[in-house]
Amino acid sequence: AALRGMNEPAILQTRNARCACGSGRKFKHCCGEASSPARAASVERTSSLLPASPPRAAALNAEAVRLYLAGRRADALPLLHEAHALAPEDPEVLNNLGSLLREERQLEEAIVCHHRALRLRPDFPEAHCNLGNALLDYGRLEEADLCFRTALKQRPDFPAALVNHGNVLRQRGRAEEAIANYRRALELDPRIAFAIAGDWTPTVA
């Protein structure tokens with residue numbers, strides 16, 4: 001069976017990434033803390049710091065991030081749909097929505113979301129990576145290959161893109177190149193060893 005691509009956690013929120021609520025702090029020190037007062041204030045803060053998106057849409061997106069990281073994907077998806085309805089041209093919302101739609105196996109809808117995100121923001125390696133995942137799931141190997149290459153051109157130190165491109169290389173019989181990708185990904189982030197070993201469930205650690 002074809003290997004399933006590894007979602008890039010940063011499209012939603014990694015614990016070491018800047019918090020989606022707009023505080024400027026790392027997620028793990030902000031809304032990622034279960035008892036953090038920042039979580040309670042995230043809606044107001046997001047409203048004031050993300051003017052490109054309607055305040056409620058930005059707040060919904062931030063809450064969807066929190067729910068996804070808490071393992072509540074089913075609760076996060078409706079919030080992203082609502083955020084998208086309020087801010088249909090927000091590339092972050094589109095990319096997040098596309099990522100979750102892919103996990104729900106709604107591949108055509110996911111591909112549309114990622115394409116729209118990239119039309120709005122071409123320099124968006126996470127969206128290129130996640131579009132590649134959806135295309136790979138669809139069996140569109142050459143298009144997926146191009147997406148992962150583009151993601152790596154924009155962000156060479158991108159572990160998930162290296163792993164996912166390695167998957168494509170393996171399927172195309174280019175084992176040595178795939179191994180080089182996996183080794184580089186492990187150097188950058190040893191936590192993704194589970195993916196290379198065959199567990200393709202996305203991580204949010």
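## A salt bridge between distant parts of the chain

In this predicted model, the side chains of Arg172 and Asp145 meet in a salt bridge, with 2.7 Å from N to O. This pair links distant parts of the chain, since Arg172 belongs to the loop between H9 and H10 whereas Asp145 sits in helix H8, 27 residues apart. The two partners are placed in unlike surroundings: Arg172 is partly exposed, with a relative accessible area of 35%, while Asp145 has a relative accessibility of 4% and therefore counts as buried, the limit being under 20%.

Asp145 has further partners in the model. Its side chain makes a polar contact with the side chain of Arg149 at 2.7 Å, and, leaving aside residues up to four places away in sequence, Asp145 touches His165, Val168 and Arg172.

## Other salt bridges

The count of salt bridges in the model comes to 14. One of them joins Glu63 and Arg66, whose closest N and O atoms are 2.6 Å apart; both residues lie in helix H3, three residues apart, which is about one turn of the helix. Glu63 is partly exposed, at 28% relative accessible area, whereas Arg66, at 18%, is buried.

Another salt bridge is formed by Arg72 and Asp75, with 2.9 Å between the closest N and O atoms. Here Arg72 is partly exposed at 39% relative accessibility, and Asp75 is likewise partly exposed, with a relative accessible area of 38%.

## The nonpolar core

The largest nonpolar core holds 46 residues, and those with the most contacts inside it are Cys129 and Phe158. At least two residues of this core come from each of several helices, among them H3 (55-69), H6 (107-120) and H10 (175-188). Helix H3 gives the most, with seven residues. In soluble globular proteins, nonpolar side chains tend to be buried together.

## A positive phi angle in a loop

Arg105 is found in the loop between H5 and H6. The phi angle of Arg105 is near 65°, a positive value in a residue other than glycine, and Arg105 is partly exposed, at 43% relative accessibility.

## Confidence in the model

Across the protein chain the pLDDT averages 76, and 68% of the residues score at least 70. Over residues 1-6 the pLDDT is below 50, although this stretch has 26 contacts in the model beyond near neighbours in sequence. For residues 8-22 the pLDDT also stays under 50, and the model has 59 contacts for them beyond four places in sequence.

Methods: Residues are numbered from 1 along each chain as its sequence is written. This is a predicted model: local features need pLDDT of at least 70, side-chain atom pairs count only at pLDDT 80 or more; totals for chains, interfaces and linings use all residues. Side-chain values use heavy atoms; hydrogens and water are left out. A nonpolar core is a set of buried Ala, Val, Leu, Ile, Met, Phe, Trp, Tyr and Cys residues joined through side-chain atoms within 4.5 Å. Buried means under 20% relative accessible area, exposed over 50%, partly exposed in between (1.4 Å probe, protein chains only). Helices (H or I, at least four residues) and strands (E, at least two) are DSSP runs, numbered from the N terminus. A polar contact is a pair of N or O atoms within 3.5 Å; within protein, one must be able to donate a hydrogen and the other to accept it, and residues adjacent in sequence count only if both atoms are side-chain atoms. Contact means heavy atoms within 4.5 Å. pLDDT is the predictor's confidence in each residue, from 0 to 100. A salt bridge is a side-chain nitrogen of Lys or Arg within 4 Å of a carboxyl oxygen of Asp or Glu.
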